[in-house]
Amino acid sequence: MNEETQKGCVHEEGNLTCSSVASQYADVSVSLKLKPYAILGKLATECCGEPMITTRSCQGANSFCGCEITVTQVICIKIPIEYGTDANIFDTSAVCRKVPNLSTNPNCR
């Protein structure tokens with residue numbers, strides 16, 4: 001055999017070995033069912049600044065009915081939430097095909 005015409009073939013100690021790479025194109029599809037989830041962690045609360053106190057006189061016939069107060073506080077509520085998605089495969093398929101049109105898909109070689 002002529003070594004120049006046998007590309008990919010080499011002689012090793014009197015033996016002729018050949019190597020090649022074969023390719024097959026296929027359209028491969030897989031269907032997934034995605035199921036999102038969220039897990040609520042432990043809430044944490046923290047006061048922000050000083051509270052605001054407002055007073056209001058008591059309205060009544062009694063000469064000593066007291067007073068009412070309202071305490072307002074700005075708070076920060078930290079809400080840890082873990083988000084994620086589970087995926088399950090339920091259908092797969094493959095269809096063998098001829099060589100694709102490489103002019104429309106230059107990344108496929």
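Here are four short exercises on the predicted model above, each with a worked solution.

Before you start: this is a predicted model, where local features need pLDDT of at least 70, side-chain atom pairs count only at pLDDT 80 or more, and totals for chains, interfaces and linings use all residues. Residues are numbered from 1 along each chain as its sequence is written, and side-chain values use heavy atoms, with hydrogens and water left out.

**Exercise 1. Work out which elements the protein chain has, and in what order.**

Step 1: Count them. There are zero helices and six strands; helices (H or I, at least four residues) and strands (E, at least two) are DSSP runs, numbered from the N terminus.
Step 2: Read along from the N terminus, and you get β-β-β-β-β-β.

**Exercise 2. Decide how far to trust the coordinates, using pLDDT.**

Step 1: pLDDT is the predictor's confidence in each residue, from 0 to 100. For the protein chain the mean is 83, and 72% of the residues reach 70 or more.
Step 2: Look at residues 1-6, where the pLDDT is below 50.
Step 3: Where pLDDT is low, don't read the predicted coordinates in detail.

**Exercise 3. Find the nonpolar patch on the surface and place Leu43.**

Step 1: Pick out Leu40, Leu43, Ile75, Ile77, Ile79, Ile81 and Tyr83, which together have about 720 Å² of accessible area (Shrake-Rupley method, 1.4 Å probe; for residues, only the protein chains shown count as cover). Patch residues have over 30% relative accessible area and no salt bridge (a side-chain nitrogen of Lys or Arg within 4 Å of a carboxyl oxygen of Asp or Glu); like charges are joined within 9 Å, nonpolar side chains (Val, Leu, Ile, Met, Phe, Trp, Tyr) within 5 Å.
Step 2: Check the strands: β5 (67-78) and β6 (81-97) each give the patch at least two residues.
Step 3: Leu43 sits in the loop between β3 (25-40) and β4 (44-57). Leu43 counts as partly exposed because its relative accessibility is 45%; buried means under 20%, exposed over 50%, and partly exposed in between (1.4 Å probe, protein chains only).

**Exercise 4. Is Pro36 buried or exposed, and which residues does Pro36 contact?**

Step 1: Find Pro36 in strand β3.
Step 2: Its relative accessible area is 62%, so Pro36 is exposed.
Step 3: Leave aside neighbours within four places in sequence, and Pro36 is in contact (heavy atoms within 4.5 Å) with Gly84 and Thr85.
Step 4: Now try Asp86: Pro36 and Asp86 are 50 residues apart in sequence, but 6.3 Å apart in space, C-alpha to C-alpha.
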